[in-house]
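Colleague: I should like to examine this structure with you, one question at a time. Please reason through each answer before you give the value or name.

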Amino acid sequence: MEYSRFISLLPQLQTIELPGIEAQLLAVPPERSELIKAIDFSSLNYKKAAVTILLYPKQEQMHLVLIQRNTYAGVHSAQIAFPGGKIEESDVNPAAAALRETEEEIGVAAHQLKVVRAFTELYIPPSNFMVYPFLAFANEPLQFLPDPKEVSQVIEINLHDFITTCPIQIQTRATSYNPKIEVPCFIIQGHEVWGATAMVLSELKETFKILVR
């Protein structure tokens with residue numbers, strides 16, 4: 001998608017009704033979907049995190065950035081993710097937390113980005129986090145300076161290619177809740193992208209499919 005085309009879609013993107021949880025659940029194993037729908041969030045003492053769905057022009061084409069986290073002792077070790085992290089008390093709001101974490105992880109400052117809107121929040125049971133995604137974009141190409149303590153790789157994805165040629169696939173893998181289960185995922189540059197990241201990507205894809213159909 002050309003940068004100019006993306007800019008022309010911004011007014012609609014800011015006001016469109018998001019496909020929400022139904023789009024997210026396209027990237028969830030069927031046996032987990034009903035459990036997610038049945039969660040009583042009022043009974044949970046969950047932690048909060050925010051992530052940035054970051055779009056930017058590269059050679060006049062809009063791109064999306066993901067990161068691969070470093071290997072560590074935790075449930076999200078080495079996973080593909082959006083830049084982001086835990087919301088701190090010092091953060092003015094969740095969007096500010098997403099931008100702060102983006103700067104810390106990949107070196108893109110908040111003043112370089114414009115927040116378009118919040119996307120649909122989602123809950124991650126293994127880590128007990130409620131995640132708040134925010135779509136943001138840059139008007140100019142970006143230079144990434146990943147924090148080597150947190151990020152092992154920056155992954156740049158052509159937005160049009162993702163929307164049009166990257167379907168959800170089914171892979172068998174071990175998860176925190178099942179040692180062998182068929183899991184929906186996106187295969188991106190050789191990486192299996194699943195879980196919460198795939199759920200956010202699924203809503204992003206379905207949103208743009210509505211806008212450009």
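Colleague: In this predicted model, how far apart are the closest N and O atoms of the salt bridge between Arg 100 and Glu 104?

Modeller: Arg 100 and Glu 104 are four residues apart in helix H4, so about one helical turn separates them. Side chains of opposite charge can pair when their charged atoms come close. For the salt bridge of Arg 100 with Glu 104, the distance between the closest N and O atoms is 3.2 Å.

Colleague: Which residues are joined into one network by salt bridges that share partners?

Modeller: Arg 100 forms a salt bridge with Glu 104, and Arg 100 also forms one with Asp 91, with the closest N and O atoms 2.7 Å apart. Salt bridges that share partners join four residues into one network: Asp 91, Arg 100, Glu 101 and Glu 104.

Colleague: Is Asp 91 buried or exposed?

Modeller: Buried means under 20% relative accessible area. The relative accessibility of Asp 91 is 12%, and therefore Asp 91 counts as buried.

Colleague: Which residue forms a salt bridge with Glu 156?

Modeller: Glu 156 lies in strand S8, and its partner lies in strand S1, 98 residues apart. The closest N and O atoms of this pair are 3.4 Å apart. The partner of Glu 156 is Lys 58.

Colleague: Which residue in S10 is the bridge partner of Ile 170?

Modeller: Three strands form an open antiparallel sheet in the order S9-S10-S11. S9 and S10 pair over five bridges. The bridge partner of Ile 170 in S10 is Pro 184.

Methods. Residues numbered from 1 in each chain as written. Predicted model: local features only at pLDDT ≥ 70, side-chain atom pairs only at ≥ 80, totals over all residues. Heavy atoms only, no water. Pairing = 2+ DSSP bridges. Helix = DSSP H or I, 4+ residues; strand = E, 2+ residues; numbered from the N terminus. Salt bridge = Lys/Arg side-chain N within 4 Å of Asp/Glu carboxyl O. Buried < 20%, exposed > 50% of the residue type's maximum accessible area, 1.4 Å probe, protein only.
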